[in-house]
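Let us take a walk through this model together. Keep the sequence and the coordinates open, and follow along residue by residue.

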Amino acid sequence: SASSMRSSMALTVAVSAGGAGLEIRDLRVLAPDGAALVRGVGLAARPGVPLTLLGETGSGKSLVLAAAM
């Protein structure tokens, strides 16, 4: 069925080589009604090393990066 065939996307970002890197531990993003949109996300990126977030369309990849900024 169409609903079981979800598309997958990748989002790649790079932390600038002069920076200190990026670390996220147990990130949670909540909707205004308190529902969890993203929960339990953790990642670490070193300067100059690309980081790729993989996931189905609508899984929250862009939301994770927006929350980190």
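What follows starts with the overall fold and then moves to individual residues.

The first thing to keep in mind is that this is a predicted model. Its secondary structure comes to 1 helix and 4 strands, and if you read along the sequence you meet them in the pattern β-β-β-β-α. The protein has 69 residues, of which 22% count as buried. About 5,000 Å² of the protein is exposed, with carbon and sulfur atoms supplying 56% of that area. Contacts across the sequence are also worth a look: among those between residues at least 6 apart, 54% join residues at least 24 apart.

Now turn to the middle of the strand region. Strand β2 covers residues 22–30 and strand β3 covers residues 36–45, and the two pair in the antiparallel sense over 6 bridges. To find your bearings in this pair, look for Ile 24, which stands opposite Leu 43 in β3. The hairpin that β2 and β3 form has 5 residues between the strands, and there Gly 34 takes a positive phi near 90 degrees. Ala 35 also belongs to the loop between β2 and β3. Ala 35 counts as partly exposed because its relative accessibility is 36%. Leaving aside residues up to four places away in sequence, Ala 35 touches Val 29 and Leu 30.

Back in strand β2, pause at Asp 26. Most residues other than glycine have a negative phi. Asp 26 is not a glycine, yet its phi is positive, at about 50 degrees. With a relative accessible area of 54%, Asp 26 is exposed, because the cut-off for that class is over 50%.

Next come the charged side chains. Side chains of opposite charge can pair when their charged atoms come close. How many salt bridges does a search of the whole structure find? The search finds 1. Arg 25 forms a salt bridge with Glu 23, and the closest N and O atoms are 2.7 Å apart. Is Arg 25 buried or exposed? Its relative accessibility is 68%, so Arg 25 counts as exposed. Glu 23 has a relative accessibility of 51%, and therefore counts as exposed as well.

Glu 23 also offers a route to the helix. Ala 68 and Glu 23 are 45 residues apart in sequence, while their C-alpha atoms are 9.1 Å apart in space. Ala 68 lies in helix α1. Its relative accessible area is 30%, so Ala 68 is partly exposed.

Helix α1 spans residues 61–68 and includes Lys 61. Which side chain of opposite charge is nearest to Lys 61? That side chain is Glu 56, 8.6 Å away. Lys 61 is buried yet has no salt bridge; a salt bridge would need a side-chain nitrogen within 4 Å of a carboxyl oxygen, so the distance to Glu 56 does not meet the cut-off. What does lie by the side chain of Lys 61 is the backbone oxygen of Gly 55, 3.4 Å from one of its polar atoms.

To retrace the charged residues, then: Arg 25 and Glu 23 form a salt bridge, whereas Lys 61 is buried and has none.

Technical notes:
Residues are numbered from 1 along each chain as its sequence is written. This is a predicted model: local features need pLDDT of at least 70, side-chain atom pairs count only at pLDDT 80 or more; totals for chains, interfaces and linings use all residues. Side-chain values use heavy atoms; hydrogens and water are left out. Buried means under 20% relative accessible area, exposed over 50%, partly exposed in between (1.4 Å probe, protein chains only). Lys and Arg count as positive and Asp and Glu as negative; His and the chain ends are not counted. A polar contact is a pair of N or O atoms within 3.5 Å; within protein, one must be able to donate a hydrogen and the other to accept it, and residues adjacent in sequence count only if both atoms are side-chain atoms. Two strands pair if DSSP finds at least two bridges between them. Contact means heavy atoms within 4.5 Å. Accessible areas come from the Shrake-Rupley method with a 1.4 Å probe; for residues, only the protein chains shown count as cover.
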